[in-house]
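Dear colleague,

Please find below the structure that I am handing over to you. My notes on its aromatic rings follow.

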Amino acid sequence: MELHKTLTTMLLTGGLSYASSLAVYQDKTFYTYTPQNNFIGFSQGLKASCEGTTIPLSGMTHCPEESRLCQELTSLKNTEEKVAAVVANTKVLSQLVSLPQPTTFDANAWIESAKRIGEEQARLLTQRRVLNEERELKQRNFQKQAPTEQAVQMNKSCKEEVELSIPYGYVSFSTRYEANINDDKEVTVSQYLSITNRSGIDIEADTAMFYYRSARQNIYPTHFTPWIVSKYVPRPTRVRKPKSAMRKEMSINMAMMDEQRVELPVMAAAPTASYEDAREYKIKNLTLPSSGVALEVQVLTWKAALSCEVRAYPYVNRQAFHVCSFTPKYQIDANHWKVKSADEVINDNAAGEYRDERYALYTKVEEDIKIERKPIVKRERETGIFGGTERKKDGFVLTLTNKSDKEKTLTLVERIPTSTTEEIKVKLLSIKSELKVNYKILKDGQIEMKLTLAPHENKKIEVLFEMAYDKELKVSY
């Protein structure tokens, strides 16, 4: 019999409970929950509905004592009262000092009174300064957690689920990545969500969804229209009408449009996947207090084969850098990374990008390689006119220094001018160095060199090219 009562109670209780949910978009947030009372929180710009019916909201003079933010606000108000009391005591003391003086003069009594008054004034001044600092600290702390000190409540009770529409920026999230590179052959990628709540509403959600898209999207019905070709007919000369006639014609046209207006079909809402896209995230049993402090939640961890090299582009940047590339198992949504090797932080602000069907991660600067790039001076250039064609030789010298005690291998990417017209022709003449340079010419004038620098080696590379064009033509590059 007792077991039957227990089961009945559990079934009834379960039937009355509702699941809470949170949906955070890039432009707003929706929070659905079953309220215990009419109090919502310390927020503004909210919209509330119960079973599809809008619930009016209003301010409250008192907030529930069990609310965490209410307790913090009460502590702030108590400190403000103490400040006001000290200010009032200071004013009273100043009024006492300014009272009419007695006709008789007792030096000892005056000295003692002045001493006590001075001590009390100093004590009140110190107390006021300390209390002001405490009040400002509590006020800043509360402002980080809630947009207003005004408590908000629903004017009508709702026994079902309430849906709150929370304005943009009160609940926000971002995603960040960590790459752990133990060697140059494999990378461990960890993805995290950083969630911040400063809506003034402490959120408890059985299911929370985070979307990298707006909740409100303007999509207009689009239908095929043929592209018409027709015989050209010159436009008639336009005769400007008087403004009175134009206004009359406009009113007539507007009336005709009202009669002929057709309601456009409403686009159906697209279905939402639960967690199939890397730009949609789901968290179960989320406790998200309105603290203004970011909550870090790990989303994914996966491994990928990795290839790393040192590269340099001297024509734009004299620094060499390490770049590692891999094929992502999931879509990368943010290009700011923290790169580690075991517990050592290599770069806390590394950049990444999708490139050539792979993802490139720029991990760190190669400090041990120094690069200089200088143009070949004019007197070393050979310029001549052959027939009607001018041939101009130009180039630059690269100087690379390995400052470390270890051998360094790098890929050097350089360029020579490339022409977009047949009137100007460019060709590479030579790439000279003491030892043969392993290079290849790619499209658009790109030169890719594979170099190995011995410890403390200094290598010079001379790049020469020639441009041919009509002697009457002026060129710039």
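Ring pairs join Y177, W302, F326, Y330, W337, Y354 and Y359 into a cluster. Please bear in mind that this is a predicted model. Across the whole structure, the search returned 20 aromatic pairs.

One of these pairs is formed by Y25 and Y211: the ring centres are 4.6 Å apart and the planes meet at 15 degrees, so the pair is stacked. Distant parts of the chain are linked by this contact, as Y25 belongs to the loop between strand 1 (21-24) and strand 2 (29-33), whereas Y211 belongs to strand 11 (residues 203-211), 186 residues apart. Both partners are buried: the relative accessible area is 17% for Y25 and 6% for Y211.

A further aromatic pair, F173 with Y212, is tilted, with 5.1 Å from centre to centre and 55 degrees between the planes. This pair also links distant parts of the chain, 39 residues apart: F173 is in strand 9 (residues 171-181), and Y212 is in the loop between strand 11 and helix 4 (243-260). F173 counts as buried because its relative accessibility, 10%, is under the 20% cut-off.

Two arginines also deserve mention in connection with aromatic faces. R176 lies over the face of Y192, at 4.4 Å from the ring centre. R373 is placed over the face of F396, at 3.9 Å from the ring centre.

With kind regards

Notes:
Residues are numbered from 1 along each chain as its sequence is written. This is a predicted model: local features need pLDDT of at least 70, side-chain atom pairs count only at pLDDT 80 or more; totals for chains, interfaces and linings use all residues. Side-chain values use heavy atoms; hydrogens and water are left out. Rings of Phe, Tyr and Trp (its six-membered ring) pair if their centres lie within 6.5 Å; planes under 30 degrees apart count as stacked, over 60 as edge-to-face and the rest as tilted. Helices (H or I, at least four residues) and strands (E, at least two) are DSSP runs, numbered from the N terminus. Buried means under 20% relative accessible area, exposed over 50%, partly exposed in between (1.4 Å probe, protein chains only). A charge sits over a ring if NZ of Lys or CZ of Arg is within 6 Å of the ring centre and within 35 degrees of the ring normal.
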